[in-house]
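Biologist: I am new to this structure and would like a close look at one part of it, the charged side chains. Please tell me where they sit and how they pair.

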Amino acid sequence: MAYENIDAELINGLLGDGRTSLRSLAEELDVSVTTISNHLQDLEEGGVITGYTPTVDYDELGYDVTAVLQLKAEGGSLPDLAERLGAQDQMISVYEVTGDYDIIAIGKFHDTDHMNTLIKELLGDADIAESATSVVLNAAAENEQFDLSTD
């Protein structure tokens with residue numbers, strides 16, 4: 001194992017299975033457990049690895065509707081509006097973007113009534129100048145992460 005690639009290989013190993021043991025990673029990368037532990041600690045302290053969470057299949061939990069909301073913010077309210085949206089439980093992603101809209105938010109809902117209730121609440125927010133909502137018909141890829149290049 002080339003030592004300069006160890007961080008990328010370690011991250012790739014964790015992307016494959018975030019619950020894998022340090023010993024397994026060390027064996028896979030042909031380095032000591034101490035080396036793995038030290039690099040992992042450096043990646044965590046450096047903010048590269050920010051946590052270990054399960055990948056949840058929201059459909060299996062009854063969240064059958066995924067909606068993409070596009071919002072235009074009033075005046076200088078963009079950061080505050082994005083933060084409030086991000087605090088909503090059902091919003092899984094909120095992005096400040098360039099283009100015709102200022103914010104793209106992706107939410108998971110039990111059904112269209114649940115989605116409609118939230119959207120009506122949002123439209124009552126004075127910081128939202130305009131909105132457009134799309135319902136996802138099929139998720140071709142979701143919650144995907146990619147392996148880092150080790151070249």
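Modeller: Asp 57 is a good place to begin, and this residue counts as partly exposed because its relative accessibility is 43% (buried means under 20% relative accessible area, exposed over 50%, partly exposed in between, with a 1.4 Å probe and protein chains only). The model is a predicted one, in which local features need pLDDT of at least 70 and side-chain atom pairs count only at pLDDT 80 or more, while totals for chains, interfaces and linings use all residues. Residues are numbered from 1 along each chain as its sequence is written, and side-chain values use heavy atoms, with hydrogens and water left out.

Asp 57 is placed in the loop that runs between α3 (33-45) and β1 (65-73) (helices, H or I, of at least four residues and strands, E, of at least two are DSSP runs). On the surface, Asp 57 joins Asp 59, Glu 60, Asp 64, Asp 111 and Asp 113 in a patch of negative charge (residues with over 30% relative accessible area and no salt bridge, like charges joined within 9 Å, nonpolar side chains within 5 Å).

Other charged side chains are paired, and the structure holds five salt bridges (a side-chain nitrogen of Lys or Arg within 4 Å of a carboxyl oxygen of Asp or Glu). One of them joins Glu 130 to Lys 72, at 3.5 Å from N to O. This pair ties together distant parts of the chain, with Glu 130 in strand β4 and Lys 72 in strand β1, 58 residues apart. Both partners are partly exposed, Glu 130 with a relative accessible area of 36% and Lys 72 with 27%.

In another bridge, the closest N and O atoms of Asp 125 and Arg 84 are 2.4 Å apart. Here too distant parts of the chain are linked, since Asp 125 lies in the loop between α5 (112-123) and β4, whereas Arg 84 belongs to helix α4 (residues 78-86), 41 residues apart. Arg 84 is partly exposed, with a relative accessible area of 30%, and a network of salt bridges links Asp 80, Arg 84, Asp 125 and Asp 127.

Lys 108 and Glu 142 also meet through their side chains in a salt bridge, at 2.9 Å from N to O. Lys 108 lies in strand β3 (residues 103-109) and Glu 142 in the segment after β4, 34 residues apart, and the pair links distant parts of the chain. Lys 108 is buried, with a relative accessible area of 4%, while Glu 142 is partly exposed at 33% relative accessibility.

Conventions
Accessible areas come from the Shrake-Rupley method with a 1.4 Å probe; for residues, only the protein chains shown count as cover. Lys and Arg count as positive and Asp and Glu as negative; His and the chain ends are not counted. The place of a charge is taken as NZ of Lys, CZ of Arg, CG of Asp or CD of Glu.
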